[in-house]
Amino acid sequence: MDPIREAHLSEPGLLVIDVAGFDDDTVLAFQAAIARTWGTSTAERTTRDPGQPGVRLRMYTDLRQVLEEASSPEPAPSAP
């Protein structure tokens, strides 16, 4: 695969994540795991570099936007 292209963001806590993997299922599963934890602009499809194995996906994540279900891993206390 070709090198990942560098991107600069204007605010701390914002990430551009380039994922390279063997197949669509692998990179989309990674994207889903990140999107369950932080606010993420998800991609609907992957890209391929002609003549190269594997797929690529670019996603944008905001680490300042923690999703509620990910922020409390402990179950809520049950009523007596």
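In which helix is the place of Gln31? Gln31 sits in helix 1, where helices (H or I, at least four residues) and strands (E, at least two) are DSSP runs numbered from the N terminus. This is a predicted model, with local features needing pLDDT of at least 70, side-chain atom pairs counting only at pLDDT 80 or more, and totals for chains, interfaces and linings using all residues. Residues are numbered from 1 along each chain as its sequence is written, and side-chain values use heavy atoms, leaving out hydrogens and water.

As for confidence, pLDDT (the predictor's confidence in each residue, from 0 to 100) has a mean of 80 for the protein, and 74% of the residues reach 70 or more. Among the elements, helix 1 comes out with the highest mean, 93, and helix 2 (residues 68-71) with the lowest, 58. Where pLDDT is low, the predicted coordinates should not be read in detail.

Now to the sheet. Its 3 strands form an open sheet in the order 1-3-2, with antiparallel pairing; two strands pair if DSSP finds at least two bridges between them. Strand 1 (14-21) and strand 2 (38-41) are at the edges with a single partner strand each, so one side of each has no neighbour in the sheet. On average, neighbouring strands are turned by 35° against each other, direction ignored. Axes here are lines fitted to C-alpha atoms, for helices over the stretch in contact, and angles run from 0 to 180 degrees between N-to-C directions. Strand 1 pairs with strand 3 (residues 55-66) in the antiparallel sense over 8 bridges, and Gly21 has Val55 of strand 3 as its bridge partner.

Helix 1 (residues 24-35) packs on this sheet, touching strand 1, strand 2 and strand 3, and its direction makes about 5° with that of strand 3. Contact means heavy atoms within 4.5 Å. The buried residues of helix 1 are Val27, Gln31 and Ile34 (buried is under 20% relative accessible area, exposed over 50%, partly exposed in between, with a 1.4 Å probe and protein chains only). They cover an arc of only 60° around the axis, so they lie on the same side of helix 1; the arc is that of the directions from the helix axis to the C-beta atoms.

Gln31 itself has a relative accessible area of 5% and, not counting residues up to four places away in sequence, touches Thr42, Ala43, Leu57 and Met59. Asp24, also found in helix 1, is partly exposed at 31%. Asp24 and Val55 are 31 residues apart in sequence, yet 6.5 Å apart in space, C-alpha to C-alpha.
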